[in-house]
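Here is a friendly walk through a few spots in the model shown below. Keep the structure open beside the text and click along as you read.

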Amino acid sequence: MTVRFPFDNTYARLPERFYARLDPTPVAAPRVVRVNAGLAERLGLDPGELASPEGVAVLAGNRVPEGAEPVALAYAGHQFGHFVPQLGDGRAVLLGEVVGRDGLRRDLQLKGSGPTPFSRRGDGRAALGPVLREYIVSEAMAALGVPTTRSLAAVATGEAVRRETALPGAVLTRVAASHIRVGTFQYLAARGDAEAVRLLADYAIARHCPEAAGAERPHRALLDAVVARQADLVARWLLVGFVHGVMNTDNTSIAGETIDYGPCAFMDAYDPAAVFSSIDHGGRYAYGNQPRIAHWNLARLAECLLPLLAEEEGAALEAAQEALAAFGPRFEAAYIGGLRRKIGLSTEREGDAALAQDLLKSMAENGADFTLTFRRLCDAAAGPEGDAGVRALFAAPAAYDAWAARWRRRLVEEPEGAEARRAAMRAVNPAFIPRNHLVEAALKAAIEREDFGPFEEMLDVLSRPFEDRPGFERHAAPPEAEERVHQTFCGT
Ligand code: AMP
Ligand code: MG
C-alpha cells in the first residue's frame, strides 16, 4: 500500500539558516499505538493507509514519504526567564505541510524522531508516557474548543529510552497550524539577522494573518494579532482549569495554539496557585500567573519586531508598548465573558465580574472542584433542587448558599427561561476533563502492562466532553485523597 501525503511545503523554502535539513532516525520495531482517524480525514489523509505497515514506517521515521522535506527548526527561547540563544527541534522534525479538506495549512511533525543538530545533550527521543500524555491532553483541549496542536498518531518504537530508568520509546505525529514560536523570532534577532526577522515576520503574516498584509503597518498588525490570540488563548486555559506548566517563549506559538504539552495538567480543586510541574519550584507558571507570563512572553516578541515597527526607535518603542497594552483588556474581556457564560449570564450587568469572582474565591477557600462546581451549577440554574450537588463540593456548604442567593437575584434579570439557561451552561461547562490521576493511571497501564484500554477509554470520553455519559461517572469525579497526583514531570 502506498501512503500518500499531499505535501505542499513552504517553511523549507525559507533560507537554510532557519533550520537544519535531516531525515528522522529509524527505529527498531515500530508498532502503531493509535491513529487519529477523524483528524486524518480532515487533513485529507487515509487513516487505513496510515495504520498500514508502510504508514507506520512513515510515522516512526523509518521511511520518508514522497514530497516530505524533513527539517529540524531553529529557535531560541527564554526558559524560566533565562535566555538560551539556541534551542531548536532537538528531538523533532517537520516532515512538511499539508493543506486539509478545510483549506487550512498544517505542519506534520514527528516528535521523538532522533537526534538533530539542536539536540545538545539529549538523545532526540521521547518516552511513551509523555507521548500518550500529549495525545490525551491535546485531543481533549481540541474537543473542549481550545486552540491547540493536535495528535495524528502515536507509534511505539520497540526501543528503550534511558531516563531515570529505561522506558519504552515512542514517536508522536503532531499537527500544528505552524511551529513558529516567539523563540523562532528570538533566535534570528539574537543573531543580529534583521533580514531574517523580516522574512519570518512576512512569512508569519502570509500564513497566519493575511489580513495584516493590507494594513498600514503590517508588522504592527502581526504583533497585534499575536497579542490578541495569546490573550484569548490564556483566557480559554483559565476557563477550563488548565495549567500549561512550561510557558517558555519557545513554547509560545505565533498561531495562538496551545503547544508543547509537558508537565501540564488540569486542576481538580480550584486553586489559583496550582503548579504541577516538578521543575517549577518558584511557581512561575502557576495557574493564576499564566496571563502575566503570556504578556511577558509577548514583550519578548515585541522586542524582536522593534526594528520593523517604525523607522525611528522612539516611535517603535511606543508602537510596541501600545500593542502590548492591548493584552490586559483583551484578556479581561475574554476571561470575564467566559466566566459570565459559565454562570449562565447571557446579558451584561455591572457587578457580573464581581459575582463570578466571588464564586471563584469561595471555591478556593472551600476546596471546591473546578470542573464539577460549574457542571453542577448548570442544574442549579434550572432550579434550587440542583443546589445540593453544588453544596456538597464546598467544605463549608453555607458559603455556596450565600453566593447562590445573590446569583439567583441576578438570574431574574436574564431574558431566558431556566431550561434554556441550563442548556447554554452545559455547552460551556464540560463534564469531562483529563483528570490528572486518570491520565497517570492510563500511562501506567500502557507502560507497565502494555494495556492501552484505559488510554482508549479516556480518548473516547474526552472526545465529547460536554455530554453526560452513563457508566463513565468515574471520569467526571475528582480524585480521592490517596489518588491525588501532585506533580507531573517534563516531557523529556
Ligand atoms: P521542551 O521542554 O520540550 O519544550 O524542550 C526544550 C528544548 O529541549 C527543545 O529545544 C527540545 O527540542 C529540547 N529537548 C527536549 N527533550 C529532548 C531530548 N530528549 N533530546 C534532545 N532535545 C530535547
Ligand atoms: Mg518546547
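## Salt bridges

Arg-406 counts as partly exposed, at 33% relative accessibility; buried here means under 20% relative accessible area, exposed over 50%, and partly exposed in between, with a 1.4 Å probe and protein chains only. Please keep in mind that this is a predicted model, in which local features need pLDDT of at least 70 and side-chain atom pairs count only at pLDDT 80 or more, while totals for chains, interfaces and linings use all residues. Residues are numbered from 1 along each chain as its sequence is written, chains are lettered from A and ligands numbered from 1 in the order in which they are written, and side-chain values use heavy atoms, with hydrogens and water left out.

What is the salt-bridge partner of Arg-406? Asp-358 is, and the closest N and O atoms of the two are 3.0 Å apart. A salt bridge is a side-chain nitrogen of Lys or Arg within 4 Å of a carboxyl oxygen of Asp or Glu. This pair links distant parts of the chain, with Asp-358 in helix H11 and Arg-406 in helix H14 (residues 397-411), 48 residues apart. Helices (H or I, at least four residues) and strands (E, at least two) are DSSP runs, numbered from the N terminus. Asp-358 is partly exposed, with a relative accessible area of 31%.

By this rule the structure has 46 salt bridges. Here are some of them, for easy lookup.

| Acid | Base | Closest N and O atoms |
|---|---|---|
| Glu-16 | Arg-21 | 3.1 Å |
| Asp-224 | Arg-220 | 2.9 Å |
| Asp-358 | Arg-406 | 3.0 Å |

Arg-21 counts as partly exposed, at 39% relative accessibility. Arg-220 and Asp-224 are separated by about one helical turn, because they are four residues apart in helix H7. An α-helix has 3.6 residues a turn, so residues three or four places apart point the same way. The two partners differ in cover: Arg-220 is buried at 18% relative accessible area, while Asp-224 is partly exposed at 31%.

## Helix H7 and what follows

Helix H7 covers residues 218-240, and its 23 residues should span 33 Å at 1.5 Å a residue; the end C-alpha atoms are 33 Å apart, so the two values agree. The expected span is 1.5 Å times one less than the number of residues. Of the 23 residues in H7, 17 are buried, so to speak mostly covered. Just after H7 comes Gly-241, with a positive phi near 80 degrees.

## Aromatic pairs

The whole structure holds 17 aromatic pairs. Rings of Phe, Tyr and Trp (its six-membered ring) pair if their centres lie within 6.5 Å; planes under 30 degrees apart count as stacked, over 60 as edge-to-face and the rest as tilted. One of the pairs is Phe-242 with Phe-266, which is edge-to-face at 5.4 Å centre to centre and 65 degrees between the planes. It links distant parts of the chain, since Phe-242 is in strand S11 (residues 242-243) and Phe-266 in strand S12 (residues 265-266), 24 residues apart. Both Phe-242 and Phe-266 are buried.

Phe-370 and Phe-374 are edge-to-face too, because their ring centres are 5.2 Å apart and their planes lie at 70 degrees. Both belong to helix H12 (residues 370-382), four residues or about one turn of the helix apart. Phe-370 is buried at 2% relative accessible area, and Phe-374 is buried at 1%.

Phe-374 also has the charged end of Lys-342 over its ring, 4.7 Å from the centre. A charge sits over a ring if NZ of Lys or CZ of Arg is within 6 Å of the ring centre and within 35 degrees of the ring normal. Arg-181 lies over the face of Tyr-75, at 4.3 Å from the ring centre.

## The magnesium ion

Which protein atoms are donors of the magnesium ion (ligand 2)? They are OD1 of Asn-251 and OD of Asp-260, lying 1.9 to 2.2 Å from the ion. Donors are N, O and S atoms within 2.8 Å of the metal (3.2 Å for Na, K and Ca); water is not among the atoms, so sites may look incomplete. Asn-251 and Asp-260 are both buried.
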